Amino acid sequence: MPSITLHDIASGIGSRLIGVECQHCIRRGLLTAEALNARAGDNRTLEEVGVRCGKCGSRRFTAMRFTTRSAAHAFMRNL
């Protein structure tokens, strides 16, 4: 899967909710366009923006797009 860009998030391509899972400590979180200050035309990836784990500080993560709030909720519950 190609990297998710801020443009994708801001324009709602796929979804406006992005789930991230730290590859080091397995912590999960949800990101929104507002939290990332995503704007249409901004082609930086999540890695370039500097997304990192709030628990361990790792910059290695897996990102997933969610089309519904229930799918995002299930992602956060299934640890």
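1. Start with the pocket lining. By class, the lining of the largest pocket has seven nonpolar, three polar and four charged residues. Keep in mind that this is a predicted model. The space in this largest pocket comes to about 190 Å³. Its lining is made of 14 residues, and the closest to the pocket centre are Val20, Gly29, Arg52, Cys53 and Gly54.

2. Which strands supply the lining? Both β1 (17-22) and β2 (28-32) give at least two residues each to the lining of the largest pocket. β2 provides the largest share, four residues. Keep these two strands in view, as the next points return to them.

3. Now the sheet. Three strands make an open sheet, in the order β2-β1-β3, with antiparallel pairing. β2 and β3 are the edge strands, since each pairs on one side only. From one strand to the next, the twist averages 25°. A general reminder: strands of a sheet pair through backbone hydrogen bonds, either parallel or antiparallel.

4. Look at the pairings of β1 one by one. β1 and β2 run antiparallel and are joined by five bridges. β1 and β3 (residues 61-66) also run antiparallel, with six bridges between them. Glu21 is a good residue to find on screen. Its bridge partner in β2 is Arg28, and its bridge partner in β3 is Thr62. Gly19 is another one to try: its bridge partner in β2 is Leu30.

5. Is β1 enclosed or open? Six of the six residues of β1 are buried, so the strand is largely enclosed by the rest of the structure. Its residues point two ways. Leu17, Gly19 and Glu21 point one way, while Ile18, Val20 and Cys22 point the other way, and all are buried. One of these, Val20, is also among the residues closest to the centre of the largest pocket.

6. β2 has two unlike faces. Gly29 and Leu31 form the covered face. Arg28, Leu30 and Thr32 form the uncovered one. Link this to the earlier points: Gly29 is among the residues closest to the pocket centre, and Leu30 is the bridge partner of Gly19.

7. A helix goes with the sheet. Helix α4 (residues 69-77) lies across β1, β2 and β3. It runs at about 150° to β2.

8. Check the turn between β1 and β2. This hairpin has five residues between the strands, and Ile26 there takes a positive phi near 65°. His24 is found in the loop between these strands too. Is His24 buried or exposed? His24 has a relative accessible area of 57%, above the 50% cut-off, so it is exposed.

9. His24 still has contacts with residues further along the chain. Not counting residues up to four places away in sequence, it touches Cys56, Ser58 and Arg60. Take Arg60 as an example: His24 and Arg60 are 36 residues apart along the chain, and their C-alpha atoms are separated by 7.1 Å.

10. Move to Thr45, in the loop between α2 (33-36) and α3 (46-49). Thr45 has a relative accessible area of 15%, under the 20% cut-off, so it is buried. Leaving out residues up to four places away in sequence, Thr45 touches Ser3, Ile4 and Thr5. Compare its place with Glu34: the two are 11 residues apart along the chain, and their C-alpha atoms are separated by 15 Å.

11. Which residues does Thr5 touch? Leaving aside neighbours within four places in sequence, Thr5 is in contact with Asp42, Asn43, Arg44 and Thr45. Thr5 sits in the segment before α1 (6-11). With a relative accessible area of 12%, Thr5 is buried. Thr45 is buried as well, and Thr5 and Thr45 are in contact.

Notes:
Residues are numbered from 1 along each chain as its sequence is written. This is a predicted model: local features need pLDDT of at least 70, side-chain atom pairs count only at pLDDT 80 or more; totals for chains, interfaces and linings use all residues. Side-chain values use heavy atoms; hydrogens and water are left out. On a 1 Å grid over the protein atoms alone, a cavity is a set of points where a 1.4 Å probe fits but cannot get out, and a pocket is an open set with protein on both sides within 12 Å along at least five of seven lines; lining residues have an atom within 4 Å of a point. Grid points are joined across faces, edges and corners, and a volume is the space filled by probe spheres set on the points. Ala, Val, Leu, Ile, Met, Phe, Trp, Tyr, Cys and Pro count as nonpolar, Asp, Glu, Lys and Arg as charged, and the others, Gly among them, as polar. Buried means under 20% relative accessible area, exposed over 50%, partly exposed in between (1.4 Å probe, protein chains only). Two strands pair if DSSP finds at least two bridges between them. Contact means heavy atoms within 4.5 Å. Axes are lines fitted to C-alpha atoms, for helices over the stretch in contact, and angles run from 0 to 180 degrees between N-to-C directions.
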